[in-house]
Amino acid sequence: MNEQTRETDGPPSRRVVVVGAGMAGVQTAVALREQGFTGSVTLIGAEPHQPYDRPPLSKAVLLGKAEGSAFDVDFEALGIGLRLGCEVLGLRPGEHELDTGAGPVPYDVLVIATGAEPVRLPGAEGVPGVHLLRTLDDAERLRPVLARQHDIVVVGAGWIGAEFATAAREAGCAVTVVEAADRPLAGALPAEVAAPMAAWYADAGVELRTHARVRRVEPGAVVLDDGSRLPAGAVVVGIGARPATAWLAGSGIELGRHHEVVADARLRSSAPDVYAVGDCASFPSGRYGERLLVHHWDNALQGPRTVAANIVGETTGAPPAVYDPVPYFWSEQFGRFVQYAGHHPCADTTLWRGDPAGPAWSVCWLRGNRLVALLAVGRPRDLAQGRRLIEAGTPMDPERLADPARPLKAAAA
């Protein structure tokens, strides 16, 4: 693909290279131009496709309601060079060079935005009919599977497993979801909050099997640890994702316990002139007093603005931009719109708004008298108001907060 460089008068323009052409990478490149960066910007992507958004893959693209989800960005007009289908192999920070399948790429500033890759089911690789759902090619391979209305086994009852099961049921497939834990979303939500969600599966005609571990996958079947055998025209694995950072081995870049890039509050890595953003990076949260690793779309949308501001600020002398968001994500599953804002592990009080057996309810987490996190099911107004209250650190009245008939903002003390 062509690369374009904007020429500027005066000293040589700086070269920013962004590795990863997903949401975080694309938004970083766009934000640089929006914030006035005039040097060269090159976006490197491993896939051959035009950069695209991922959330539609488990919904419209999967069901054949959309052909793709390419970002509506005119890269040529913005002077952003694209190198697509280009695999990144390594990084040499001392030389300010990136090693790729097409040869070395020099940079003045590098942004690591390689995202996360799905965890694979041990022993299932190479078995016919086993699928992941992370890329556009994955969704394209699964579309005809749904169209043929196969019996489908989904391994993992997390966010992606629930979203895929929803789409498969909409397509008319028989769906069984197997989960090793005792409940859906075991890694994401406390037991009492995730428990009501188990009923959603049965309501949608999906069989949910908890405490179920996969012993092996065979062509046409999944065999569980208890010996039971599930017919499976296709198996979809959704057991989590890990930062895509294996290519950084030997670079000296500090990685955390999840193999993510350890970034500082400005999203700088441990190497000079190297930033990291999105699913592949953790950052210290002053708001929550701990390091956060956030694998959600909004983090890949917000973080790039901080990265761009700090890259531009290196030459303009602007004060450093600090990244300390209120994490946010949403999921559409089994006819429900689920939204979450904040970070609940630091809370000391849990309050419910509404009946979790009903169609619309919320859960609020407080630390002291301040809201730190909120989960809203079918109550988008609660989420919108709660997110602002979390950001502001507004003291709350717990009694008013627990009344679902009151607007959430009316519970401000």
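This passage describes a sheet, its packing helices, the nonpolar cores and selected residues of a predicted model. Local features require pLDDT of at least 70 and side-chain atom pairs count only at pLDDT 80 or more, whereas totals for chains, interfaces and linings use all residues. Residues are numbered from 1 along each chain as its sequence is written, and side-chain values use heavy atoms, with hydrogens and water left out.

An open sheet of 5 strands follows the order E22-E23-E26-E25-E24 with antiparallel pairing; helices (H or I, at least four residues) and strands (E, at least two) are DSSP runs numbered from the N terminus, and two strands pair if DSSP finds at least two bridges between them. E22 and strand E24 (349–353) stand at the edges with a single partner strand each, so one side of each lacks a neighbour in the sheet. From one strand to the next, the twist averages 15 degrees. Strand E25 (residues 361–367) and strand E26 (residues 370–377) run antiparallel and are joined by 7 bridges, with Trp365 opposite Ala373 in E26. Helix H4 (residues 159–170) packs on the sheet, touching E22 and E23 (contact: heavy atoms within 4.5 Å), and its direction makes about 30 degrees with that of E22. Helix H8 (residues 380–392) also packs on the sheet, where it touches E22, E23, E24, E25 and E26, at about 160 degrees to the direction of E26. Axes are lines fitted to C-alpha atoms, for helices over the stretch in contact, and angles run from 0 to 180 degrees between N-to-C directions.

Rings of Phe, Tyr and Trp (its six-membered ring) pair if their centres lie within 6.5 Å, and planes under 30 degrees apart count as stacked, over 60 as edge-to-face and the rest as tilted. The count comes to 8 aromatic pairs. Phe329 and Tyr340 are stacked, at 5.3 Å centre to centre with 25 degrees between the planes. Phe329 lies in strand E22 (residues 328–333) and Tyr340 in strand E23 (residues 336–342), 11 residues apart. Both Phe329 and Tyr340 are buried (under 20% relative accessible area; exposed is over 50%, partly exposed in between; 1.4 Å probe, protein chains only). Ring pairs join Trp159, Phe329, Tyr340 and Trp365 into a cluster.

A nonpolar core is a set of buried Ala, Val, Leu, Ile, Met, Phe, Trp, Tyr and Cys residues joined through side-chain atoms within 4.5 Å. In the largest core, of 97 residues, Ile152, Phe164, Leu189 and Leu375 touch the most other members. A second, separate core of 20 residues includes Leu110, Trp247, Ile253 and Val274.
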